[in-house]
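Student: Let's walk through this one together. I'll ask, you answer.

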4 protein chains.
Amino acid sequence: DSYDSSGTLKLDSVSGESIRAAGVLDSREEGRKVFQWMIAPHSEASFFRDYWEKKPLYLKRNTPDYYKNLFSTSILDKILHEEKIHYTKNLDVTSYSEGKRQTHNLVGQAHPSVVWDYYNNGCSLRLLNPQTFHRPVWKLLYNLQEHFNSFCGANVYLTPPGTQGFAPHWDDIEAFLLQLEGRKHWKVYKPRSEEEELPEFSSENLSQDEIGEPVLDITLEAGDLLYFPRGYIHQAVTDEDVHSIHITVSTYQRNSWGQYLQKLLPRAVDLAMAEDLEFRKGLPLDHLRVMGVVNSDMETPGRSAFLSKVKELMERLLLYAPFDAAADQFGANLMHDALPPLLGPEDKMCSVHSGGERWCKKKQKVINRVELDPDTYIRLIRGNVIRMVAEEDGVKIFHCLENTREYHQEDPQFFEMSHEHAPAVEALIHTYPKYITVETLPVEGDDEKMTVARGLWERGLVVAAHPLENRDDD
Amino acid sequence: DSYDSSGTLKLDSVSGESIRAAGVLDSREEGRKVFQWMIAPHSEASFFRDYWEKKPLYLKRNTPDYYKNLFSTSILDKILHEEKIHYTKNLDVTSYSEGKRQTHNLVGQAHPSVVWDYYNNGCSLRLLNPQTFHRPVWKLLYNLQEHFNSFCGANVYLTPPGTQGFAPHWDDIEAFLLQLEGRKHWKVYKPRSEEEELPEFSSENLSQDEIGEPVLDITLEAGDLLYFPRGYIHQAVTDEDVHSIHITVSTYQRNSWGQYLQKLLPRAVDLAMAEDLEFRKGLPLDHLRVMGVVNSDMETPGRSAFLSKVKELMERLLLYAPFDAAADQFGANLMHDALPPLLGPEDKMCSVHSGGERWCKKKQKVINRVELDPDTYIRLIRGNVIRMVAEEDGVKIFHCLENTREYHQEDPQFFEMSHEHAPAVEALIHTYPKYITVETLPVEGDDEKMTVARGLWERGLVVAAHPLENRDDD
Amino acid sequence: DSYDSSGTLKLDSVSGESIRAAGVLDSREEGRKVFQWMIAPHSEASFFRDYWEKKPLYLKRNTPDYYKNLFSTSILDKILHEEKIHYTKNLDVTSYSEGKRQTHNLVGQAHPSVVWDYYNNGCSLRLLNPQTFHRPVWKLLYNLQEHFNSFCGANVYLTPPGTQGFAPHWDDIEAFLLQLEGRKHWKVYKPRSEEEELPEFSSENLSQDEIGEPVLDITLEAGDLLYFPRGYIHQAVTDEDVHSIHITVSTYQRNSWGQYLQKLLPRAVDLAMAEDLEFRKGLPLDHLRVMGVVNSDMETPGRSAFLSKVKELMERLLLYAPFDAAADQFGANLMHDALPPLLGPEDKMCSVHSGGERWCKKKQKVINRVELDPDTYIRLIRGNVIRMVAEEDGVKIFHCLENTREYHQEDPQFFEMSHEHAPAVEALIHTYPKYITVETLPVEGDDEKMTVARGLWERGLVVAAHPLENRDDD
Amino acid sequence: DSYDSSGTLKLDSVSGESIRAAGVLDSREEGRKVFQWMIAPHSEASFFRDYWEKKPLYLKRNTPDYYKNLFSTSILDKILHEEKIHYTKNLDVTSYSEGKRQTHNLVGQAHPSVVWDYYNNGCSLRLLNPQTFHRPVWKLLYNLQEHFNSFCGANVYLTPPGTQGFAPHWDDIEAFLLQLEGRKHWKVYKPRSEEEELPEFSSENLSQDEIGEPVLDITLEAGDLLYFPRGYIHQAVTDEDVHSIHITVSTYQRNSWGQYLQKLLPRAVDLAMAEDLEFRKGLPLDHLRVMGVVNSDMETPGRSAFLSKVKELMERLLLYAPFDAAADQFGANLMHDALPPLLGPEDKMCSVHSGGERWCKKKQKVINRVELDPDTYIRLIRGNVIRMVAEEDGVKIFHCLENTREYHQEDPQFFEMSHEHAPAVEALIHTYPKYITVETLPVEGDDEKMTVARGLWERGLVVAAHPLENRDDD
């Protein structure tokens, strides 16, 4: 078969570097590098070994400009002037004073002078999903998403001098706080009990007397990083002399083993029932008399037999558990949640996004007619842009290319493909980031190869190694 | 504690027999007897060992009157004249001829002369849920339900001479066919494959050429019984000289181990996630790259590690699986599905259903004032009339007493009770069919004992050993 | 054409009296007589001239048994013992004491001894829709419905000695109170203002200090009648020595000219727009500047022109108003609201309800085969049992025959008929209560006549003058 | 009172011209001018007198550049490259050939080279709502909306040489076709009957043999205008040598007298019922017997009386018809439908949209603190940006300021105001386009004047005559 011993598809492919000079070389590698940059000088390996989901990491970098290209208060002002920012949907105005947390949101559009008036009166501003309004944030988050294989979001927090904007609380996401300007004093507290470690949901506002002593009490200055796992309680206050603005990058919201089992087990039972007579046999006539809370202290033979049988069936269930299908359901959900990739000029010129036919004002007609050829080198436009899910009559290809930067604004995007064509997509997934020619696609028949390739091309999912050749003279 | 070694609650109780002369003595015992009568001379033990869910049982009884009190064509005629029978909801008019199965139902009410006209023209009649219209069927099914601990339903089939009313097919229930009048030739076929054994759902109509050879080819005459498990294909035809009417008693529809696991496992994961940190930990960053249908042929370390971890967690899940709560959910569902008990004059006079205060036409006032006393002997009105389900703040008592004879016409009936009062209900469940005094209920405080007892009394769920004493002179 | 000068269809028809000896002769005439009996010795004419929708009528009859066959406290006791009576749906337990109105309803089924215990403690009982449980009430209300051409409902009120069950209030229906047993003192008050005369909706509970002085202060004894129009405030109290039970018959709920216009006018505009260009022309460009609340004090030419044009169009609207279709919508709604007719043995034997084919236990086969003939005399089973509504492609025949005695338990019942067959139904409506032969139906073709007649016959909507002839020998 | 004889509020106000040098002077006047420009050299008066809703107007202008700044094929190409254009939602790809009309839309995003490939193969492109993607179109339509007081929309049609993109059909809107480039031959046909004049809904595709002879057969070249009323059938074809692109401006969709009556009459009946006893009186007992389709040929006294009464009530209804409230409902709907105004730098600097507080990057703090003063001159930001609707407890102010350019993407925008504050808004509406000082607002109390003014200011609905004064030194 066409896989080698390590499970990799053996195909005649060429790396992007050798045939293409610029653009994203490997989106997954790019994701890794961006994550490295974010936590540098810590290595990824040591971070995941020592801190991830375990304990906070405070990183004093002494390089105030390190994150400055990401976002700033001036950018926030610009966004307020130029975009339709709505209270609650895009912006929260908050305060925390004398133990009282308040939200001051009005209704409708947030006009800059009104917002700044609140700020001048001591209110904090939280800009939700800044990726919708600022491309560097979009770019950062998309890259991290390629690395984490989980949705990455962000909020920006601006706090005026001498104030605190939020009550102590914990969140349900892994949090990376990148300080952009100014200074803020943070106190971070351990989860109060094992039940509150790595929680599924965020907490209510907590009061000062129920959170104990901080395990971290530090000052974040421009360029510094603070990471803490979900469940860690935190609060922060600014100095009297300077404001603070930071961006919190979040990920791994409800992305746990338990969530995986919630998808896996109901399907496992369905499959076991379809395939294994033992699961379809009737319950014993007395099961309602030996089981149930009123019988839980009994030690009857019927009860023991029932419990043994259930345990036996639960073991047997492993034979039917659709481990891959459950992962694919996660993957398809990620395609719905995900930020779309941010395409560069190279991506566009070598794909349907901007390559090919266009209107020529001078000639008043369409020019630059192009066509895919059997020997055109193609690859997926990004490593994680699609997910294939097996169905009875074919496969569904989910993708995130047409998502907007606003979370879940679009319905899940997918199209269907026959089982015969699916290996072509599989090959493109496995060979990424290398390019392969259309004629190399593991599909029967030259016409079929072209059909699959054209379908992916017209949806913008594949990119050629070079802009396609102009055929206007043909 | 108050349970003895066999798990039985030790309470001062007296059997019904010693203090009460008539009425239902033990509804569960009654259920068993009725089932015995139905399959006699087969013993219950041999039936469940050799036939139940395994193979058909044909029983030639040579006692034409054996089932005759259950139902008859004359009863059907009476019902058509006196009740509002609706096509499709209550009655189907069908035919099967030259391989073609047809339904001839009109819209709205089925008037007798129209129905008999169809019958005269060779159509079969199927009366759905005859228990709604005829008390002997209600009584039979209620009793069987006490025995099977699963909903028991019925249909009546009347077929004119020389015809067949239905195409070959299989059903999703255990079927007991009791021949009432006339004669019918049955052919029964094994499930065609293991996948079709004990199926979850009934089949479409099948054609003669896809069902093979019958394993049973017999004639059912009045008084005879035919049982076959779900999944067995069957068809029947009447002789030219005589019609056939039989009643099919059904049970164990979707009452399998698989259904139990479908209730158990999602709750098990929820509980495991709440209680065990391992289930809340994040999935590995690479899980979407090593798992999924496109990676299913790979043998990578990440994939092996992932699969090992899932299997470990599935074993660990057993520690959190709420075996009793899942059974109670089954029990609560049964209370919704169940036929209500048919109460006799004894039941009524010794309970709120007819005992106590009533209007005296002569005196033009309410007479026969009664009250429960601490030494009043009470028990549940039937063994399986309630199901207790534990909730966070107390318990829910589901019951079937106010259901109608029509399936699911009422919403689930339940009321709430504090954890402190729950042991009283537990005691009543465990001591049934014996009676115990109100003052014996395992609840703190005499007033509390009376409160619980009165609550159950006013809902008609308990019955006293004797009619309560008239206190009109007090 | 086939109508004479008074608009009556000229058909060869015979009155029921001449060809049939018993049963309902004319349901509308029967309705009139029952109403006469109810208000006797007042004449219908004087009642409608002097009291209806105008003022209360108090009628001291000195005949305690006059209404006694309708209902009694003993009947109520019997219903509580034999039927499933539910709190709130069927029964309210209420009290009014020291200005405070309370409802004491429990949840679920109302058991007699519990209900009587409340009664003994001073609570009033209100049985809702007694027609569902007691045939004489059903019969009364069905007859009144034939007379009023509007839904007639009822409640029964039982009040223990020395109490009041309800706060002063007004209702949204015309109320006829028929005293059945005992005695009750009533105070009736005029509506407090013109706005509260003949109101659309019932009032909240009122306090004693906001209702003024009664216009009627009387004692109702068994056999007496009290009528008052909707909007009249009322309250009542029993003597210390005797209880009171009465039935309130209600009608004309939201059955006003305004309701008619609400149905008429939107359809009138739709039709005018379809047929008359003036209604489709655009509004003037300035209409939003000359009209509207901020412009209501202006006197501009644009505003005057706009108002003149609207008034002109409203007059013109009369040309398109579908007066008959709006009435038919009322009629179709009545068929949904209506009680079904109570059929007597004569009705049943001469119709599909019980006439024709039946099962003979002795012969074990269907006997009494019958058929409609061209010369069979038929008529509608009741005068007001159907309503014909014209649609584009045919007519819809709404009827109330399959309604249950519970309000709106069934969906609207109707069937469709071609325009060609509609005149047959029209003829049956116009000739009622006379009988006509099938062959007289104004439909082209003998087969078509039979088809229409059989369709109505099979639905039970027509009745023959005599039971159809037995053709078993044919 | 404060209105003069012409209904105009007398207020101390100053025209914009005297105190402000630039920006929109009067949005309604601007609207009129833009409409004039569009139909020039025709005058508005003659257009509305001779053509509007009456007949087509063909205007050969011989000025190819007249409309060229509105839109072009190059702009379309740019939009396809830079915006997320979706098939069906934003773009239709169509063809009409040999009597067959086809739509070739794919699913999802429309990539330029795919779209141009369709075009090259003879397909027409229709860009829906170009105002969303191109500001000059937005500006044109907003201005026309101020003039028509009705929603104005647009589509752009690009047709390749030698083709036709659509079948003959009529639309439900008044259509103004502005030719942008190239050339197209149009045939326009009269409505086929009076029923099809000024229709409420658009037609299906028509065939060539059911449309008769054109009343207009002309060639539209760049700069030319073609107007025709809704209901006029039309079709067009391009020459072999040149493409055609035009924009169709549409308005007055379902904006007719009939639509007004549909809003007016149901409310009129409600009010009449509340205020006039005649409307609450019951219908006559016999109304269902004298009215209805089966009685429509009758001439009975009951029927005549019924009809007279209805007619009398319909006249009486005029007394209660809420002419202004119905217009305000139209106005409020328009605020939902409407395009938002396109604000210029002047508008922004003199309002909350950009005036006042902003972030100073240099000082790293908020600067330019401003405040409204009693003597600040203000006016509405546009003439038709708000609509006031009277409610029981106050007024609702609907506005279109926060709508997006996409139709109905936002819910209706409104806020509530007390009856006491409403005259301030009324005054701003009536004095527009003049400015008035805050202290002149007809509201009791200086604080209240400021409260109302600030509320409108913070929502961006009013604009000051000059940027507010910087108070950073205070």
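**Backbone, interfaces, rings**

Student: Where is A:His408 found?

Tutor: A:His408 lies in a loop of chain A, between strand S15 (395-399) and strand S16 (413-417). Keep in mind that this is a predicted model.

Student: What is phi of A:His408?

Tutor: Near 55°. That is a positive value, and the residue is not glycine. Most residues other than glycine have a negative phi.

Student: And the peptide bonds. What kind joins B:Tyr432 and B:Pro433?

Tutor: A cis peptide bond, with omega at about 10°. B:Pro433 belongs to the loop that runs between H13 and strand S17 (436-437) of chain B.

Student: What about C:Tyr432 and C:Pro433?

Tutor: A cis bond joins them, with omega about 10°. In chain C, C:Pro433 sits in the loop between helix H13 (422-431) and strand S18 (435-437).

Student: Switching to the assembly. What rotation superposes chain B on chain A?

Tutor: A rotation of 180°, with 0.1 Å of shift along its axis. The RMSD is 0.1 Å. The two copies are thus related as by a two-fold rotation axis.

Student: Which surface do these copies meet through?

Tutor: The same surface on each, because 100% of the interface residues of chain B are also interface residues in chain A.

Student: How many residues does the contact take from chain B and chain A?

Tutor: Each chain gives 80 residues. Together they bury about 7300 Å², and carbon and sulfur atoms account for 67% of that.

Student: Which three residues supply more than any others on the chain B side?

Tutor: B:Trp257, B:Leu285 and B:Leu288. They supply 13% of the area that chain B buries against chain A.

Student: How many salt bridges between chain B and chain A?

Tutor: Two. B:Asp324 forms a salt bridge with A:Arg303, and the closest N and O atoms are 2.7 Å apart. There are also 40 residue pairs in polar contact across this interface, both partners being at pLDDT 80 or more.

Student: Which elements give two or more residues to the side of chain B that touches chain A?

Tutor: Seven-odd names would be a mouthful, so take a selection. Among them are helix H6 (135-148), helix H7 (257-275), helix H10 (301-317), helix H11 (323-337) and strand S14 (386-390) of chain B. H7(B) makes the largest contribution, 13 residues.

Student: How do the residues on that side of chain B divide?

Tutor: Into 39 nonpolar, 19 polar and 22 charged on the side that touches chain A.

Student: OK, next pair. What superposes chain C on chain B?

Tutor: A 180° rotation with 0.2 Å of shift along its axis, RMSD 0.1 Å. C:Gln409 comes closest to that axis among the residues of chain C, at 6.1 Å for its C-alpha. Again the same surface serves both copies, and 100% of the contact residues of chain C recur in chain B.

Student: How much area is buried between chain C and chain B?

Tutor: About 3300 Å², with 53% from carbon and sulfur atoms. C:His111, C:Trp359 and C:Glu402 lose the most area to chain B in chain C, together 19% of what that side buries. The contact involves 37 residues of chain C and 37 residues of chain B.

Student: How many salt bridges does this interface of chain C and chain B have?

Tutor: Zero. Nine residue pairs are in polar contact, with both residues at pLDDT 80 or more.

Student: Which elements of chain C supply at least two residues there?

Tutor: Helix H4 (73-82), helix H5 (112-120) and strand S12 (358-360) each do, on the side that touches chain B. H5(C) has the largest share, seven residues. By class, that side has nine nonpolar, 17 polar and 11 charged residues.

Student: How far apart are chain A and chain C?

Tutor: They do not touch, and their nearest C-alpha atoms are 25 Å apart. Chain B and chain D do not touch either, with nearest C-alpha atoms 25 Å apart.

Student: Last topic, rings. How many aromatic pairs over all chains?

Tutor: The search finds 120 in the whole structure. Take A:Trp52 and A:Tyr227: their ring centres are 6.5 Å apart and their planes are at 20°, so the pair is stacked. The pair links parts of the chain 175 residues apart. A:Trp52 is in the loop between helix H3 (44-50) and strand S1 (57-59), while A:Tyr227 is in strand S8 (residues 225-228) of chain A.

Technical notes: Residues are numbered from 1 along each chain as its sequence is written. Chains are lettered from A and ligands numbered from 1 in the order in which they are written. This is a predicted model: local features need pLDDT of at least 70, side-chain atom pairs count only at pLDDT 80 or more; totals for chains, interfaces and linings use all residues. Side-chain values use heavy atoms; hydrogens and water are left out. Copies are superposed by least squares on the C-alpha atoms of residues with pLDDT of at least 70 in both. Contact means heavy atoms within 4.5 Å. Buried area is the accessible area (1.4 Å probe) that two parts lose on being put together, summed over both. A salt bridge is a side-chain nitrogen of Lys or Arg within 4 Å of a carboxyl oxygen of Asp or Glu. A polar contact is a pair of N or O atoms within 3.5 Å; within protein, one must be able to donate a hydrogen and the other to accept it, and residues adjacent in sequence count only if both atoms are side-chain atoms. Helices (H or I, at least four residues) and strands (E, at least two) are DSSP runs, numbered from the N terminus. Ala, Val, Leu, Ile, Met, Phe, Trp, Tyr, Cys and Pro count as nonpolar, Asp, Glu, Lys and Arg as charged, and the others, Gly among them, as polar. Rings of Phe, Tyr and Trp (its six-membered ring) pair if their centres lie within 6.5 Å; planes under 30 degrees apart count as stacked, over 60 as edge-to-face and the rest as tilted.
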